[in-house]
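Hi everyone, thanks for making time for this. Have the sequence and the model open while I talk, and stop me whenever you like.

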Amino acid sequence: MKLSDVKQILPALENVEFQLEDGTFVPEHFHVTEVGTIQKHFIDCGGTVRHEKAVSFQLWNADDFEHRLKPNKLLHIIQLSEEKLGIEDSEIEVEYQRGTIGKYDLDFNGKTFVLKNKTTACLAQEACGIPSQKQKVALSGLQATADTSRCAPNSGCC
């Protein structure tokens, strides 16, 4: 989800709610403690230099249980970050701490913002020798090798 999507959704909401993919809600007294830009300049295992840019939201739970972030306040924070930091319309990455700090993609289900689990991946699979799709082999079609007696039942190999 891009920053422009969030800005379009916020005016229609009564409350700002974040939910994890497993259905757990971020406590309603959370704060958005940071809005910023994350830039990553790296080289993948295949030798390709890459650049990534994302807008970062950091969510934090405090002990002020009466705190509630309203949509217009979050919109104001976003607009201020665009003005002061020159933040562009990029994909959003959310930082939220449970056991450790997790990084999440952001989605919207019509009522709440959903923190989508991020996964790692090899960006240069062809350079690593990773097949694009795992070959499927029917075990019934495999032919026995000439030396099958070594692992036959009661042969002592296992």
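Let me begin with a definition: two strands pair if DSSP finds at least two bridges between them. With that in hand, look at β4 and β5, which run antiparallel and are joined by five bridges. In that pairing, Q97 stands opposite I101 in β5. The two strands form a hairpin, with three residues between them. Please keep in mind that this is a predicted model.

Now let's step back to the whole chain. Buried residues make up 29% of the 158 residues in the protein. The secondary structure comes to three helices and six strands, and from the N terminus on the order is α-β-β-β-α-β-β-β-α. Take the contacts between residues at least 6 apart in sequence: 66% of them join residues at least 24 apart. As for the surface, the protein exposes about 11200 Å², and carbon and sulfur atoms supply 49% of that area.

Back to the strands. How many bridges join β2 to β3? There are 13, and the two strands run antiparallel. One place to look is H31, which stands opposite W60 in β3. β2 and β3 form a hairpin too, with five residues between them, and G47 in the turn has a positive phi of about 95 degrees.

Further along, β5 (residues 101-108) pairs with β6 in the antiparallel sense over five bridges. You can find Y104 opposite N117 in β6, and F108 opposite F113. This is another hairpin, with four residues between the strands; G110, in the turn, has a positive phi of about 100 degrees.

β6 has a further partner, and here the direction changes: β1 and β6 (residues 113-117) run parallel, joined by three bridges. L20 has L115 as its bridge partner in β6.

Remember L115, please, as we move to the interior. The largest nonpolar core has 28 residues, and F113 and L115 are the ones with the most contacts inside it. Which elements each supply at least two residues of this core? They are α1 (3-9), β1, β2, β3 (49-61), α2 (71-85), β4 (92-97), β5 and β6. As a general point, nonpolar side chains tend to be buried together in soluble globular proteins. L115 itself, leaving aside residues up to four places away in sequence, touches a long list of residues, including F18, L20, V26, L59, V94, Y96, Y104 and L106. That list also has polar and charged names in it, among them Q19, E21 and D105.

Next, the aromatics. A search of the whole structure finds three aromatic pairs. The one I'd like you to zoom in on is F18 with F30: the ring centres are 5.3 Å apart and the planes are at 85 degrees, so this pair is edge-to-face. F18 lies in β1 (residues 18-20) and F30 in β2 (residues 30-43), so the pair ties together parts that are 12 residues apart in sequence. Are these two phenylalanines buried or exposed? Both F18 and F30 are buried. Together with F108 and F113, they form one aromatic cluster. Elsewhere in the model, K40 lies over the face of F42, at 4.8 Å from the ring centre.

Two loop residues to finish. F25 sits in the loop between β1 and β2. Its relative accessible area is 44%, and because partly exposed covers the range between 20% and 50%, F25 counts as partly exposed. Beyond residues up to four places away in sequence, F25 touches F18, Q19 and T112. F25 and V114 are 89 residues apart in sequence, yet their C-alpha atoms are 9.0 Å apart in space.

The other one is E88, in the loop between α2 and β4. E88 is partly exposed as well, at 45% relative accessibility. With the same sequence neighbours left out, E88 touches L3, K53 and V55. The C-alpha atoms of E88 and T37 are separated by 8.3 Å, while the two residues are 51 apart along the chain.

That's my tour, and I'm happy to take questions.

Conventions: Residues are numbered from 1 along each chain as its sequence is written. This is a predicted model: local features need pLDDT of at least 70, side-chain atom pairs count only at pLDDT 80 or more; totals for chains, interfaces and linings use all residues. Side-chain values use heavy atoms; hydrogens and water are left out. Rings of Phe, Tyr and Trp (its six-membered ring) pair if their centres lie within 6.5 Å; planes under 30 degrees apart count as stacked, over 60 as edge-to-face and the rest as tilted. Buried means under 20% relative accessible area, exposed over 50%, partly exposed in between (1.4 Å probe, protein chains only). A charge sits over a ring if NZ of Lys or CZ of Arg is within 6 Å of the ring centre and within 35 degrees of the ring normal. Contact means heavy atoms within 4.5 Å. A nonpolar core is a set of buried Ala, Val, Leu, Ile, Met, Phe, Trp, Tyr and Cys residues joined through side-chain atoms within 4.5 Å. Accessible areas come from the Shrake-Rupley method with a 1.4 Å probe; for residues, only the protein chains shown count as cover.
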